[in-house]
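Here are some short exercises to work through with the model open beside you. Try each task before you read its solution.

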Amino acid sequence: MLKSLTLTTITSLILLAGPAHANDTARDPQVALMAAACANCHGTDGKLAGSIPAIAGRPAVALESQLLAFKQGEIPNTTVMDRIARGYTDDELKALAHYFANIPRN
Amino acid sequence: MSSRDSKFPRIATSRRDLLKVFGAGTALAATAGCAGTPFISRGSAGRVVVVGGGFGGATAAKYLKRGNPALEVTLVEPNATFYTCPFSNLHLAGERAMSGIAHNYEELKQVYGVRVIHTRAEDVDPVAKTVKLGNGNTLSYDKLVLSPGIDIRWDALEGYDQAAAEHAPHAWQAGDQTRLLRRQLEAMEDGGTFILSAPANPFRCPPGPYERASLIAHYLGKHKPRSKVLILDAKDNFSKQGLFMQGWRENHGDRIEWVGLSGDGKVVRVDAAKREVVTEFGTVHKASVLNVVPPQKAGLIAHRAGVTDASGWVPVNPQTFESQRVKDIYVVGDATVAAPMPKSGFAANAQGKVAAAAIVAELDGRSLPKPYWANTCYSLITPDYGISVAAVYKLNEEGQIYAVPGSDGVSALDAPLVTRRLEAEYAVGWYNAISQDTWGTVL
Amino acid sequence: MGTLFSSRFRVWLSVLLFSLLLTPASQAEQAWQRIPALEALLAETTPLRDGLTLDLPFVVDDGSAVAVGLNFSGQLQQGEYINTLHLLAPGNPRSEVMSLRLQSPQASPAQINTRMRLSQSQTVYLVAKSNQGRSWLASREVRVTVSGCAVADPDARNLVAMETPRIALPNRLRQGQPASIRIMINHPMETGLDETGERVAEANLVQSLTIQLAGEPLLQADFATGTAANPFVQFQLTPKESGELTFTWRDSQGNEVNETRELRL
């Protein structure tokens, strides 16, 4: 009884701990592989800034809402990001946003 | 080739084949026996040899070390400088120096600790798990990644052999061929005709011939305004066709003429010395500069390793890009059958990462990650007018690659000029980024 | 690990199964008997397999015009010759692709080339029949994808009738020497069908190409919905003597196009 309660508590704590969870996401090889395709235009780890902006270290909320806006076609004069964003589920976009938010810019 | 051969794995016919089947069968027994603690050489997390330092191979080497720095990764690539096919059309148009498409292996060596050997990989022994090198040495591997790119099928188009390519360059592998074609264009008289012969599918970089024709038309318009561009095509449909044709009308007037398969555009014979081609129904076209983009196949080492099929390309397990024919050999890039992913540098880079992640997981005894790939191909109709095709790819339930609906598509046909200009800028941004991601090049 | 293990296990299991338990031929045998169009063609015979080949790419990027090679090089008996070839794509909305009638020994069943449509991944079949009632069967599995970079032009040329017949004869012809002839006519080959095979418009097809040499029938090609636009046929002619070659195309609107070429040895 006590054991299972402890387990539940720990699980809840892990689930509630937003930043810690995000850091786990950043190290997760699965998310890393999904995010690796972004490097082709945004540089390794999303750090390259040029005509295409860097995405590393930007707030997760901002990245996520922008990705969702791309997906919904809400950003005018979009070139490829509307198409690319439609390739991922909302959950996948959230995971990508957290992944890049947790990478330091330099 | 009988119908059976396409459907069922070959029965071993030579000693080499027997060894392969035997070797693989042994591997099955080993895997079945103990649910997968792979044999790893003592003293390292595993030895991975990568053959080919292009988009696929260089990326695989880098991401292998990023995934597990304890791996011993060796990259075998003949050239110290690698020239990309992407953006080589800008060089042909006089808009970019060769140094602007040149890359080296310093980041891989110095930042990631990849051992780089500049020699040719001559042969692979999939049973002993060794790669024989042109410098006489032999490398052992736990996992082998081949990123061999394409070879020209010299036997496929009558009259087009290696000697012919010195008169009528293909320039479909960047480097000296690119320089040769550029010199010919510079020497071409005003009022001449540049002819490009485009092959049937599949071939490296499906929009490439049409971007090349566009940028050469741009160069001719500026410097030799009485000249024409004629594309003779073995297909009736080509990549981004509507966008290209619209872009040609808007930017190049009637300078570019395209003749497809149904208009007798398929070239069946080349006389390179005379710079003449003959089409399927006997029309002779004479060029001032002749560029033959010939039929292609997987690079030689893939054939040596026994991973190609009767098509001349390499079938792979989509989840890992491991060869369907030979265990522990992973193949990425243009050499593979990865359709609907195109044979592009972007796709090769994405495949290199998927193969690297699979190898890292396997050598570590972890479960395989779910693969994701993306592709964006920009094409320039002028240096300031760009179009694109993009898609995100995943695995379906049958284990096949598919383009996620809604993600795949081309730029809008009715997009304003500002979008075309933006896509041309993004094309440069993309090239800078993928060059940085693959080789660490700062452009 | 689990997924990899199982997929690799499956590959090797299939090697074992197919090499030890089943022969590929018996597999294909079972497959064709479930296809009505093939069963109808082969009803009274057990098809032979040796000598007939169907050459198609393993993976097709663009199913609208797939180059296909038909080749018969099998053993024939005294006085026996191949008189018909049927190409079928049962995975298409309609399975008929093309039938060829070889009406003279001068028209060879070897090295015939044409272009077909494939609407999806499937097994394509070729049936050859001889004047003595024997038949041959060849099949080929093809995977059809739309390459990410090969998106077709939405507003391609809008032909409605037969246009620009093209015929290519070799420069030099010799008596008794096989020579390759290429024939093409521009036409949209409008099936009038949607992807499911439902009729949504009237069909507009080139129905046949007939070729005569010196007034004698040489070859007839009957085209169908599975024939690619701009019907193309390449075959080998082994001429006996000089004469006039006549080519006649007929379409479903009742139009006819005629061409003649002088064949000099």
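**Exercise 1: Taking stock of chain B**

Task: Find how many helices and strands chain B has, and describe its packing.

Solution: Chain B of this predicted model has eleven helices and 26 strands. Next, look at burial: of its 443 residues, 63% are buried. Then turn to the contacts between residues at least 6 apart in sequence, where 64% join residues at least 24 apart. Finish with the surface: chain B has an accessible surface of about 16000 Å², and carbon and sulfur atoms hold 50% of that.

**Exercise 2: The largest nonpolar core**

Task: Work out which residues have the most contacts inside the largest nonpolar core, and where this core lies relative to domain 1 and domain 2 of chain B.

Solution: Start with the core itself, a set of 139 residues in which B:Trp248 and B:Ile329 have the most contacts. Helix α10 of chain B, residues 345–363, gives the most to this core, namely eleven residues. Now bring in the domains: because domain 1 (38–149 + 299–367) and domain 2 (164–294) of chain B both give residues to the core, it lies between them.

For a closer look, select B:Ile329. Leaving out residues up to four places away in sequence, the partners it touches include B:Val124, B:Tyr141, B:Leu146, B:Val307 and B:Phe321. A second, separate core has 52 residues, among them C:Leu87, C:Leu102, C:Leu218 and C:Val257.

**Exercise 3: Two residues of chain B**

Task: Decide whether B:Val124 and B:Leu157 are buried or exposed, and place each of them in the secondary structure.

Solution: Take B:Val124 to begin with. It belongs to strand β6, residues 121–125 of chain B. Its relative accessibility is 3%, and the cut-off for burial is under 20%, so B:Val124 counts as buried. From B:Val124 to B:Thr138 is 14 residues in sequence, with 9.5 Å between their C-alpha atoms.

Move on to B:Leu157, which sits in the loop between β10 (150–152) and α6 (176–187). With a relative accessibility of 9%, B:Leu157 counts as buried. Setting aside residues up to four places away in sequence, B:Leu157 touches B:Val267, B:Val268, B:Arg269, B:Val270, B:Val292 and B:Pro295. One of these partners, B:Val292, is 135 residues away along the chain, yet the two C-alpha atoms are 9.7 Å apart.

**Exercise 4: Chain A and its interface with chain B**

Task: Describe chain A on its own, then find how many residues each chain brings to the contact and how many salt bridges cross the interface.

Solution: Begin with the fold of chain A, which has seven helices and zero strands. Of its 106 residues, 42% are buried. Chain A exposes about 5800 Å², with 64% of this area supplied by carbon and sulfur atoms.

Now add chain B. The contact involves 26 residues from chain A and 45 residues from chain B. Together the two chains bury about 2700 Å², of which 58% is on carbon and sulfur atoms. On the chain A side, A:Leu33, A:Asn40 and A:Arg83 lose the most area, together 26% of what that side buries.

Last, check the charged pairs. Two salt bridges are found across this interface. One pair to display is A:Glu92 with B:Lys394, a salt bridge whose closest N and O atoms are 2.8 Å apart, where the cut-off is within 4 Å.

Notes:
Residues are numbered from 1 along each chain as its sequence is written. Chains are lettered from A and ligands numbered from 1 in the order in which they are written. This is a predicted model: local features need pLDDT of at least 70, side-chain atom pairs count only at pLDDT 80 or more; totals for chains, interfaces and linings use all residues. Side-chain values use heavy atoms; hydrogens and water are left out. Helices (H or I, at least four residues) and strands (E, at least two) are DSSP runs, numbered from the N terminus. Buried means under 20% relative accessible area, exposed over 50%, partly exposed in between (1.4 Å probe, protein chains only). Contact means heavy atoms within 4.5 Å. Accessible areas come from the Shrake-Rupley method with a 1.4 Å probe; for residues, only the protein chains shown count as cover. A nonpolar core is a set of buried Ala, Val, Leu, Ile, Met, Phe, Trp, Tyr and Cys residues joined through side-chain atoms within 4.5 Å. Domain bounds come from an automatic or database domain assignment. Buried area is the accessible area (1.4 Å probe) that two parts lose on being put together, summed over both. A salt bridge is a side-chain nitrogen of Lys or Arg within 4 Å of a carboxyl oxygen of Asp or Glu.
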